[in-house]
Amino acid sequence: MILSAGVGIGARPVSASCTPGWVLISQQDDSFTWDEGFLSIRAVSWTGSVRLLENLDSDCYVTDITLRYTGPLPGGTLEVTGDPFVSFTVQYPDPFVDSGDVATNAYGDLFSWNPHTAPLVQPRFDINDRGADEFRVQGQGPLAILTGVKASFQLPLDLLGETVNAQIHVGPDFCECSVTPVYLPGTAPPPPPPPTSFDFALSVDPASGSVAPGDSATATVTATLDSGTPNAVSFSASGLPPDTTASFDPTDCVPTCATTMTLTTSSTTPDGTYSVSVEASDGTTTRKVDYTLQVHSPPPPSEVWGVFVHAHEDDWQLFLSPESTSEYTAGRRLLIIYVTAGDAGGPQSTWLAREDAAMASVRYIVGAASESNGSATICYSGATTNTCHAVWQWNYGTTVSIFMRVPDGNTDGNGFPATGMQSLSKLRDGTISSLATVDGATTYNSWQDLYSTIGAIITNFAPYDATTKVNAPDFDRFRQSFEGKTCQGCGDHEDHLAVADAVHNITIEGSAPWGRAWYIDYSICWADSRYPVNLDSAAYQLKKDTFMAYNNRLAALTGVDTYAQMPSFWEECFHREYSREV
C-alpha cells in the first residue's frame, strides 16, 4: 500500500477588527494517493484542499461556519480505481478508524456538492442524531476521474474554539487517508436577551360615578401596553354594591386597548359609597384599578299642584277643563276651591247635592281612590293677629276639594232673599261689611279677609313657588263680556268675576310666585266669535264626560237634568277652552 499526503498551508485567526461578510480563515492541502500495492487493483488519488470560511457580523461575531473540500478552481480532482468508496466527513473530537464508526463523531450539514454524477456520487444524509451528513464517492471498477470536486459542510457555532478533523477515508477500512485538523476561531454572537415579559397598566376614566338606585354608571377602562408581546386580557369587577352587575364592551381586548364598563344598579341597591375593584388579566399577569361608585337615592320629589279656583260646583268642569284633567294626568295634585255654595237661594239639600255632584266629576278624573272629609281650619297671619276660618275639606286620592260655602250671589250679584241678599260682589264693593257662610261655620268680615283666606288655602297645600299653577276665571271684563257688550246679561256671572278679582288680589297684586292662567267663562258657551271652537274631538269628549259626571249625579239626587235644559249652550262650552297667562 502506498500513501502520500499533502502539507497544510496553515490557519489564519479571526482578527479583532474585521470586514463583515464571508472570510477565508484557513486553507490546507489535504491531497493524498493510495493504492493496494501489488497489481494496484484498487487505488485512490485526491488532489485538493480543505478550506475554512466564517461569516462575520459587524461586531466580528461568527454567524456561520463552512468547511469546504475543494481544490484549485473549479475544485479538487478525485481518481478512483476499483470498487473502494471515498468518504468525506467532518469529525469531532476524534477521527474514526473503522468505517462503521463514521457516524459516531460526525458533524456538519452537507449543503452543497459537486459533481452530482450517479452512481459514483452517493451523499448520505442524517447519518446520526445530530443530522450530520457524509459526502461519498463509490468506485465502479474502471478508473474514474472526477474533476471540480467540492463538498461544503455547515458546522454548528458551538464548535467555535475547537479543532475539528476534516477526514477523507477510503473504505471499507482501506485507508484513513487524510485527517486534517482545522481550528475554528472566533466567538458566536451572544444569545439575544430573553424576551421582555408581557406587562400592562390599567386605568379608568372617570375614576368615580354617582347614580340613583336603578340607574347605571359608565366609565372607560384602558389597558396600556408597558412591555413584551401583548396578550388578550379579560375584564372583570369585584366589590360591587348589592344587587348590582358589571358588564364590559368588549369583554376582552389586546393592549393597548379600551373597554366600556357599565355598572347597573337596581331599585334595591342600598345608598352608600362603594370601592369597585376593576381587574384585567391574561391568566398570568393581572392588573387592578379602583373605581368609586356612589349610590344615593334622590330626595323625594316635591309635590306639584294644580290649583283650580272658581265660584260654583260646576264651573271648573265647564271653564277650566280639560286643563284640569291634563294637569292631573301629568302628575300634579289637584286643589279645587269652590268659593260659593252654589245654592241659588235654595235649601241645604240643594248645595249639598251640588257638592256631591262636583265630587262625581273628580271621581271620574281620578278613578277609584281612598277618600276622607271633614271640617278644616284655615288661618292666615294679619298685622297683629292670626285669623282663622272653618271650611269643608274632601280628600280623594291626590286631590283636595275645599268648599268655602259663601252664599250664591245670583248672576247680577244682588244675592237671594234666603241668604239675606248677600253676595261676593257686595262684599268686594263694600256695600256689606261681612259675609256669613250658608252652613253657619264662619263669617268673613271684609273682602281682604275673604281673599286672604283663599290665599291661605292655596299656601296650606301647595308650595309657594313657581311649580304651583293657579287657574281661575279671567278678571278682564271685556274679555269676559259677550261680543264686547256690557249690557245686563251680556257679561259673566257676578260670582265668577268676584272670584277672579279675589285671585287677582292674592296673585298679581300680592306678587305671589305661582304660575297663573285666566280662563274665559260664559262667552265660550254663547259661542262668542272671538272664541271659536278650539278643542279636538278627544278633548271635547273628555270635557263633556267630566261635566256629565256632575250633571248625572245631580240629576240622580235632585231630579234636575241641567244639560237637558240647554243642551246647545253646554255643547258650545264643551268645544272650547280659552285662557291666558298673566
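This passage walks through a predicted model, from its strands and sheet to its main pocket and a few backbone oddities. Residues are numbered from 1 along each chain as its sequence is written, and side-chain values use heavy atoms, with hydrogens and water left out. Because the model is predicted, local features need pLDDT of at least 70 and side-chain atom pairs count only at pLDDT 80 or more, while totals for chains, interfaces and linings use all residues.

Strand E9 makes a handy starting point. Helices (H or I, at least four residues) and strands (E, at least two) are DSSP runs, numbered from the N terminus. E9 covers residues 85-91, and 7 of its 7 residues are buried, where buried means under 20% relative accessible area, exposed over 50% and partly exposed in between, with a 1.4 Å probe and protein chains only. In a regular strand the side chains alternate between the two faces of the sheet. In E9, Phe 85, Ser 87, Thr 89 and Gln 91 point one way, while Val 86, Phe 88 and Val 90 point the other. Both sets are buried.

As for partners, two strands pair if DSSP finds at least two bridges between them. E9 runs antiparallel to strand E14 (residues 163-171), with 7 bridges joining the two, and Ser 87 has His 169 of E14 as its bridge partner. Another 4 bridges link E9 to strand E12 (residues 135-138), again antiparallel; here Phe 88 sits opposite Phe 135. Strand E10 (residues 106-107) is also antiparallel to E9, through 2 bridges, and Tyr 107 of E10 faces Val 90.

Further along the chain, 8 strands form an open sheet of mixed pairing, in the order E27-E28-E29-E26-E25-E32-E33-E34. Its edges are strand E27 (371-381) and strand E34 (579-580), each of which pairs on one side only. E34 is joined in the antiparallel sense to strand E33 (residues 515-519) over 2 bridges, with Arg 580 of E34 as the bridge partner of Trp 518. Helix H3 packs on this sheet and touches strand E26 (333-340), E27, strand E28 (386-396) and strand E29 (399-406); contact means heavy atoms within 4.5 Å. The direction of H3 makes about 160 degrees with that of E29, with axes taken as lines fitted to C-alpha atoms, for helices over the stretch in contact, and angles running from 0 to 180 degrees between N-to-C directions. Helix H5 (residues 447-461) packs on the sheet too, touching strand E25 (305-310), E26, E27, E28, E29 and strand E32 (469-473), and its direction makes about 120 degrees with that of E27.

The largest pocket holds about 590 Å³ of space. On a 1 Å grid over the protein atoms alone, a pocket is an open set of points where a 1.4 Å probe fits, with protein on both sides within 12 Å along at least five of seven lines, and lining residues have an atom within 4 Å of a point. Points are joined across faces, edges and corners, and the volume is the space filled by probe spheres set on them. The lining counts 27 residues, with Asp 314, Ala 344, Arg 354, Thr 562 and Trp 570 nearest the centre. Helices H1 (315-319), H3 (348-366), H9 (537-558), H10 (562-565) and H11 (567-574) each give two or more residues to this lining. By class, the lining has 12 nonpolar, 10 polar and 5 charged residues; Ala, Val, Leu, Ile, Met, Phe, Trp, Tyr, Cys and Pro count as nonpolar, Asp, Glu, Lys and Arg as charged, and the others, Gly among them, as polar. In H11, Phe 569, Trp 570, Glu 571, Cys 573 and Phe 574 are buried, and the buried residues of H11 pack against H1, helix H8 (522-525), H9 and H10.

That leaves the backbone oddities. Most residues other than glycine have a negative phi, and most peptide bonds are trans. The bond from Asn 114 to Pro 115 is cis, with omega near 0 degrees, and Pro 115 lies in the loop between strand E11 (109-114) and E12. The bond from Ser 321 to Pro 322 is cis as well, with omega near 15 degrees; Pro 322 is in the loop between H1 and helix H2 (323-329). Asp 126 has a positive phi, near 55 degrees, and is located in the loop between E11 and E12, exposed at a relative accessible area of 55%. Ser 511 also has a positive phi, of about 55 degrees; this residue is in the loop between helix H7 (494-506) and E33 and is exposed at 60% relative accessible area.
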